[in-house]
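Open the model in a viewer and keep the sequence panel beside it. The stops below say what to select next and what is there.

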Amino acid sequence: MQNKGLIKLFALLFGLVSIYQLSYTFITSKIEKDAEAFASASIDATEEDYVAKREVLEAQYLDSIGKNPILGFTSYEDSKKKELNKGLDLKGGINVTLQISVKDILKGLANNTKNPVFNKALADADVASQDSDDTYLNLFFDSFDNIKGDTKLASPDIFANKGLSDEINFQMTDDEVKPIIRRKIDESVVSAFEVLRERIDGFGVTQPNIQREGSSGRILVELPGARDIARAQDLLSSTAQLEFWETYEPGNQSLISFFVGANNELKNIVGEPEEEVKEESEIDSLLSDVTQDSLDLTQERNPLFEKLQLNGPGFAVGIAAIKDTSEIGAWLRMPEIKRLLPNEVQFTKFLWERPTADSEVAALYALKSNRENKPRISGDVVSDARDQFDQFNRPAVGMDMNVKGAKEWEKLTNEANLNNTGIAIVLDNKVYTAPGVSQPGGISGGSSEITGTFTVNETKDIANVLRAGKLPASAEIIDSFVVGPSLGQEAIDSGFISFIIAMVFVLIWMIFYYGKAGIFADIALVFNIVLIFGVLASLGAVLTLPGIAGIVLTIGMSVDANVLIFERIKEEIVKGKGKGQAISDGFANALSSILDANITTGLTALILLVFGSGPIKGFATTLIIGILTSLFTAIFITRLLVDWYVSKRGRTLQFSTKITKNLFTNLDIRFLGKRKIAYVISGILVSVGVFSLLTQGLDQGVDFVGGRNYQIRFVNPVNPSEITNELTDALGSASAKTFGDANQIMVTTKYKVDVQGTEVDDEILGILFTSLQKYLPDGTTYEEFIPGGSTGDIGVLKYRKVGPTIADDIKKNAVWAIVGSLAVVFLYILLRFRKWQFSLGAVAAVFHDVLFVLGIFSLTSKIMPFSMEIDQAFIAAILTVIGYSLNDTVVVFDRIREMVGDKGWKGGQNINNALNSTLSRTLNTSLTTLVVLLSIFIFGGESLRGFMFAMIVGVIVGTYSSLFIATPVMFDTLKKKILATATA
């Protein structure tokens, strides 16, 4: 081997850099364990809320030593930035995909125009977007072009308005306006991206990840280690729309007469309620204390006043149970109800207060609005915001306004003082506080304060979002994935165990099968693992549980390269060559097969990287890195070690042991003679699978159909059928399946999957807690039940929401990924082997393997004791099966090409010889890979079982198909040419 010195230097530097990069991870891990031990020793587990107290103490400990030098070259803060990033499934946290509303941005650019053509185009684009892959903006332009008539985008009441007058004028054509609007939309999405980045920076998690997804208007945000999930969701989805409104004076007679009229009108609209006998609740008791002196209500039915009590506290007009607020709000928005507002209050805007965490009631406020529904002062005038404490030492938010805002604020507070009205401070359509003004002449200086029943974290977040600014449009969470920290630690433990078991087996097997040569392969393998983790750390890549699976799979592939090399060396020795020449020729002859096999697998990994998302990208990333490092270690490191050993006088190196020396030698299996039997068996099995797919289908997960799923753990075993019935009554549609042990279930529901906002997430968690409370230990609270709760090991461990739109995208991407991988591989094999028959054989084998795996999943999904849902991880498994099947097939084809090139076709005899000569490698690699996969399947955690099962089936059937499908199909399509050559 040439340039040994250069390769040694490169390997040394590569190894040192990898160890250096990993050192930061070891440093942070040790310090965080010290912090955890310090907190545990300081706060006893018998103390109330000890988990939260320990977390605070841990954070304080880490802050106190954050800048202290460590080993003379780093500190904890520095190491934390450079450590190996862990994904949500290993660390806990939240991952969301936000859809920035392009519709909102368009309406804002058009000054919320009432133009009927513009609004009809928006409505048509809404409908079209449900079934189209195109962007919302393109759909809007198409819809506008179809109905515009004489209307132009540059009309004065659309985009040629005062706000865009510097760029759009009345003379412009639609084609001239469209690029400007595209740029404005892109600027708005960039603005949203920057606003979210500033908010996340103030949230306090390490290693946050935020990125745009092309031109779709989607933004991916990942917050590993975020423990307060509800707080994180509010921070991301809040538009930070701060507004100041004037309320009406208490006891306004026009409003009271409106409510009386609305109640009477609702008698004709709302149906009779079902009679229900129940004990008086805390809410009923609270509401019954509110007097209604101004009303004389009889015993007849009063739909509105049965839920809303007038004369609320302070400047509120009423009070109601939180569970009734949405229904009351819907009534007040009805056109036939809004028409009842007297002229002097006809533009009234009704908003609910933001209730405290433990409250069951909320106050309703009536705000003085106008025809344009614009507030007196908006949040644009806020120049600074900070969390502070009010005069009673309660958490509050202080604000400073710019010059314009200060003047408006003085004017508004003066009017409120004169009119005996309050000033409602509204954030994202919730009234946070509505104080009166006692200072004559108003409040000057532009400083104000938002008070209420806040926690310190809430005031920090409000100040944070106000400083960062408001989002330019609403941000809907269309995909979310939440993992509790305890489940993340379990994933680390299970992933580590599966990794160690697989590693130990492979190391022992290589020594058992190849003797001393196996030791050199093991050294190269261990070095390969160090390089993989080092590269991941240096690139800032995220390690996920599927990523660990990718690394473990790389172990099998690295072994494959060494097996190919050692088997070729053994063949060269049998030919009578000396050790040095046999080693040189063995490495050279194996190189083509190694490269072909790894390139085909690498191509499928690249397609996964392009079409996958979240954890699947982590799997693809580690697989690609693993392919590159395993090539380097197998081809160069193993060669260096072998050459070093045999270069010393008196040393002999055997590439087998006494037990394995004659295994798989002198085989004469007539594979082609058995091809018709294989065709029949495969045809029957694949037909049964296809029939099941057509009649029974697959158990599609929320990734493909949309919805929410929740992994919930109890102390004792539970009956999933019983829970399904109870949750169906509460949620309308729900299913519960055992997930792993008998005390753990996965609940799936489509309840309100189309509804935006975190309120629905909270509502469903509340319903789950109420419905499942009897299965939980006595005294379990809601806070302990939700992800990140103080119990840690019971309750909701993780949950996922996938909106219908993104579910369709995931499904389409999955199809493109599979089709794309088949097309790319077909072209690659055609390029390498120069005959389309080789490509056809390879693709036929892959189709056979994919249909077989899908059929197995369809046939066994209802009887397997683990989840067989089809999700993104399953697609990753299918693509990996494609890669593995091709790996096997390409190695076989490579040997066929070599043997036929040297000795001719001989009617197919040399094809049989080629298959027999590769059988040792095929079975050796398949066995080690299967053991690796079985290790992950058994010890790698419940979430990976379906993923690993698909790969196990794929490896078995892939080994079979490379021998009995790919080669026979290639042979049968080439048979005429082979026979013609033989005759000639």
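Select L71, in the loop between β1 (69–70) and β2 (74–75). Strands here are DSSP runs of E with at least two residues, helices are runs of H or I with at least four residues, and both are numbered from the N terminus. L71 is not a glycine, yet its phi is positive, about 55°. Most residues other than glycine have a negative phi. With a relative accessibility of 70%, L71 counts as exposed; the classes are buried under 20% relative accessible area, exposed over 50%, and partly exposed in between, with a 1.4 Å probe and protein chains only.

This is a predicted model, in which local features need pLDDT of at least 70 and side-chain atom pairs count only at pLDDT 80 or more, while totals for chains, interfaces and linings use all residues. Residues are numbered from 1 along each chain as its sequence is written, and side-chain values use heavy atoms, with hydrogens and water left out.

Go next to N311, in the loop between β8 (308–310) and β9 (318–321). N311 is another residue other than glycine with a positive phi, near 60°. Its relative accessible area is 36%, which makes N311 partly exposed.

**Pairs distant in sequence**

Select N85, in strand β3 (residues 85–86). Is N85 buried or exposed? The relative accessible area of N85 is 15%, so N85 is buried. Add T544 to the selection: 459 residues separate N85 from T544 in sequence, and their C-alpha atoms are 8.9 Å apart.

Move to G379, in the loop between β12 (377–378) and β13 (382–389). G379 has 24% relative accessibility and therefore counts as partly exposed. Show L242 as well: the C-alpha atoms of G379 and L242 are separated by 4.5 Å, with the two positions 137 residues apart along the chain.

Then pick E449, in strand β17 (residues 447–450). E449 is partly exposed, at 29% relative accessibility. Which residues is E449 in contact with, leaving aside its neighbours within four places in sequence? They are Q388, F389, D390, A396, V397, G398 and I425, where contact means heavy atoms within 4.5 Å. A C-alpha distance of 9.6 Å separates E449 from R386, which is 63 residues away along the chain.

**Helix pairs**

Axes at these stops are lines fitted to C-alpha atoms, for helices over the stretch in contact, and angles run from 0 to 180 degrees between N-to-C directions.

Select helix α5 (residues 102–109) together with α6; they pack at about 175°, with their axes 11 Å apart. The two helices are therefore roughly antiparallel; angles over 145 degrees count as roughly antiparallel, under 35 as roughly parallel, 65 to 115 as roughly perpendicular, and the rest as oblique. K103, L106 and K107 of α5 meet F118, L122 and D126 of α6. By class, this contact has three nonpolar, no polar and three charged residues. Nonpolar covers Ala, Val, Leu, Ile, Met, Phe, Trp, Tyr, Cys and Pro; charged covers Asp, Glu, Lys and Arg; the others, Gly among them, are polar.

Keep α6 (residues 116–129) and add helix α7 (residues 136–147): their axes come within 8 Å and cross at roughly 130°. That angle makes α6 oblique to α7. The crossing is right-handed, meaning that the near helix is turned clockwise from the far one by less than a right angle; anticlockwise would be left-handed. Residues of α6 that meet α7 include V117, F118, A121, L122 and A125, and those on the α7 side include Y136, L139, F140, F144 and I147. The contact of α6 with α7 divides into eleven nonpolar, two polar and three charged residues.

Finish the helices with α28 (residues 872–903) and α29 (residues 909–939), which pack at about 150° with their axes 9 Å apart. They are therefore roughly antiparallel to each other, and α28 passes α29 in a right-handed crossing. Among the residues that meet are Y884, V891, R895 and K903 in α28, and N910, L915, R921 and T929 in α29. This contact has nine nonpolar, nine polar and four charged residues.

**Whole chain**

Zoom out to the protein chain, which comes to 30 helices and 23 strands. Of its 984 residues, 53% are buried. Among contacts between residues at least 6 apart in sequence, 73% join residues at least 24 apart.
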